[in-house]
Amino acid sequence: MALHRRRRRQQGLDEGGQPVSSTLEVDGSEGEPLLSAHEDRRNKDTPSHPIAKDAPPQTRAVAPVAVDGAASNPRQSFYVTKFVILRLVALVYLVAFVGAYNQNRGLMGANGLAPARDYMDRLLQSYDSPMQGFLSHPTLYWFLDSLEDWHLDATALLGATLSFAVLLGVDSWLAMVCLWLLDFSIVTVAEGNSFYAYGWESQLLETGFLAIWLCDLPTFRGRDGIRGIVRDANTSPPSIPVLWLFRWLCARISIGAGLIKARGGECWRLKTCLYYHFETQPIPSPMSFIFHFLPRSVLRRAVDLDYFVQLYSIWMVLIPGFGWYMTNLRRLGGFIQAGFMVNIILSGNFAFLNHITIVPALACLDDACFPKWLRSSVYRKRRIGSPARAERVGRCYKTTRLLIDFCLLILIGTLSYPVVTNLLQIGGKHQVMNASFSSFKLVNTYGAFGSVGEARYEPIISVSNDGQNWTELELPCKPGDTKRRPCFCAPYHYRLAWNIWFIGFPPHQSMLQRRERWMYPLLQKMLNEDESDERPWLALLDPGSAEVIRQSKPIYAKMDMYHYEMADPLWTILRKWAGGDEVIWWKRSYKEELIRPVQIRDGNLAYAGL
């Protein structure tokens with residue numbers, strides 16, 4: 001019997017003796033070929049299975065069989081999930097590197113506000129060897145003699161190029177490793193200032209690290225094995241343990257954010273935080289002028305929604321997919337987390353925080369959760385169903401993959417211990433948000449807006465040539481001119497606008513003296529008349545304000561604090577705009593002098609006698 005079955009398979013016949021179709025059904029859509037035209041022609045010319053000479057013509061085509069049932073049962077496969085996760089991670093990397101290229105010279109270049117070279121030189125003197133320093137403060141700049149501005153530019157440009165390549169479809173294990181190292185290099189040298197002191201920097205690094213292991217590993221065997229070093233060979237299903245690590249990351253992010261609110265400011269317990277949040281957030285968007293003016297009963301229910309998403313429903317992302325009911329619960333958990341992030345993206349500009357938070361939630365979704373056209377495209381592009389592909393997944397590769405996945409689980413599980421103890425406040429310690437417990441930031445704790453200010457205080461920088469007539473300077477997307485329209489900029493991160501927002505937290509002088517010391521070098525550079533110096537920091541200002549500095553060559557500078565309030569809801573503003581009336585976005589009132597007028601005296605910044 002076994003011999004007869006083998007002969008029928010060789011002749012292209014099924015168990016009943018009928019010809020086998022040369023195409024594979026894709027989620028109920030019969031007749032859509034999964035092989036590329038090139039591979040189909042190759043199979044017709046040189047069939048991979050013996051065919052009897054006297055077999056009927058329709059049996060000469062080879063029937064591909066799915067590698068893991070992906071095409072016939074997308075509920076049990078994650079090829080599309082992998083595809084979408086890698087694209088979104090690459091997009092966030094791209095935005096981060098473009099922002100780094102545009103801003104890093106002005107922020108921490110040699111003529112920037114807080115030169116990273118000074119910090120790197122101090123690190124170089126603290127360790128005996130570059131490798132020892134790298135293990136403590138991971139950055140590729142350890143292996144350079146000195147950190148130059150073009151090194152920062154080259155890092156950002158190379159990272160942007162690799163990110164764009166992944167976006168275009170290069171699912172490369174090597175590319176993801178390089179992206180992780182390049183981003184880590186920038187974040188590490190920025191530790192000497194506060195411009196990269198944000199939780200989503202560590203979150204991108206942790207997510208990027210997991211994305212490395214979502215790619216196929218290079219096999220170093222044959223053409224596909226060598227190509228797999230620089231491009232994913234797509235010879236095996238996405239790693240299920242790695243998808244579970246993404247879900248664990250999703251759970252930690254959500255629980256950390258929920259607990260920091262429950263234990264934080266009193267307004268979260270009183271359910272009044274959202275009365276102020278949309279007005280006092282770092283960079284409001286035009287949509288913020290809708291959310292802020294919603295009825296207070298709705299805003300109170302929105303706090304309940306926040307707790308529901310981040311604390312009461314987060315367990316759903318950790319449900320194993322055993323059976324229809326549990327699979328759908330896990331899916332629902334992923335949709336809830338991702339949908340909540342989309343809601344926050346609509347409400348304001350939070351850099352790429354919410355975009356990178358969507359990524360681990362996607363690991364809860366199997367291929368059947370995505371549109372049919374996307375599934376068909378991914379399956380065809382990856383040639384899922386090709387027996388040639390299936391045969392290349394050898395026993396050695398599977399063993400190596402299992403070993404690496406096991407080591408990853410042990411590593412992440414071990415490094416999760418201090419994170420869990422922090423969340424549970426074991427040992428009497430208070431929960432810390434956005435903290436790392438190892439030099440490589442592989443497992444971190446997260447959280448945001450544990451407290452919400454009830455009023456918006458905006459620092460305004462002004463310059464003058466005579467001490468009488470002052471010109472206010474603007475930063476991109478930062479509230480200033482009350483008639484200037486707020487912008488949509490997320491996921492792009494205007495770092496100076498974010499950092500200056502912290503000065504608005506009372507006591508203002510404390511924030512200015514401790515966290516945002518870069519303000520004094522900025523004022524000094526504005527008043528410096530030496531035009532021979534490179535001034536990359538001008539790119540950090542609004543173009544109009546940068547032109548004021550170039551043309552007027554101010555003598556005096558100061559900083560005042562104003563109280564800002566949203567003037568009208570967006571629907572009222574749009575009605576005024578449509579009617580040709582003057583549009584005012586903000587109302588403001590003077591609060592206090594933060595930095596009294598200063599000038600350059602003997603090459604140093606000194607208070608002016610005005």
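Here is a short chat about a predicted model of a protein.

Student: Hi! How many helices and strands does the protein have?
Tutor: Hello! Its secondary structure comes to 24 helices and seven strands.

Student: And what share of the residues counts as buried?
Tutor: Of the 610 residues in the protein, 52% count as buried.

Student: Okay, zooming in: where does Asn193 lie?
Tutor: Asn193 sits in the loop that runs between helix H7 (173-189) and helix H8 (199-214).

Student: Is Asn193 buried or exposed there?
Tutor: Asn193 is buried, because its relative accessible area is 14%, and the cut-off for buried is under 20%.

Student: What does the side chain of Asn193 reach?
Tutor: It reaches the backbone nitrogen of Phe195, at 3.0 Å.

Student: Which residues does Asn193 touch, leaving out those up to four places away in sequence?
Tutor: Asn193 touches Met108 and Ala114.

Student: Switching topic, how many residues of helix H16 are buried?
Tutor: Helix H16 covers residues 353-362, and 10 of its 10 residues are buried. Among them are Asn354, His355 and Thr357, along with Pro360.

Student: Nice. What covers the buried residues of H16?
Tutor: The cover includes helix H3 (79-108), H8, helix H10 (240-262) and helix H15 (323-347). You met H8 earlier, as the helix at one end of the loop holding Asn193.

Student: Back to the whole protein: what percentage of contacts between residues at least 6 apart in sequence join residues at least 24 apart?
Tutor: That comes to 75%.

Student: Last one, how much area does the protein expose?
Tutor: About 27,600 Å², with carbon and sulfur atoms supplying 58% of it.

Technical notes
Residues are numbered from 1 along each chain as its sequence is written. This is a predicted model: local features need pLDDT of at least 70, side-chain atom pairs count only at pLDDT 80 or more; totals for chains, interfaces and linings use all residues. Side-chain values use heavy atoms; hydrogens and water are left out. Helices (H or I, at least four residues) and strands (E, at least two) are DSSP runs, numbered from the N terminus. Buried means under 20% relative accessible area, exposed over 50%, partly exposed in between (1.4 Å probe, protein chains only). A polar contact is a pair of N or O atoms within 3.5 Å; within protein, one must be able to donate a hydrogen and the other to accept it, and residues adjacent in sequence count only if both atoms are side-chain atoms. Contact means heavy atoms within 4.5 Å. Accessible areas come from the Shrake-Rupley method with a 1.4 Å probe; for residues, only the protein chains shown count as cover.
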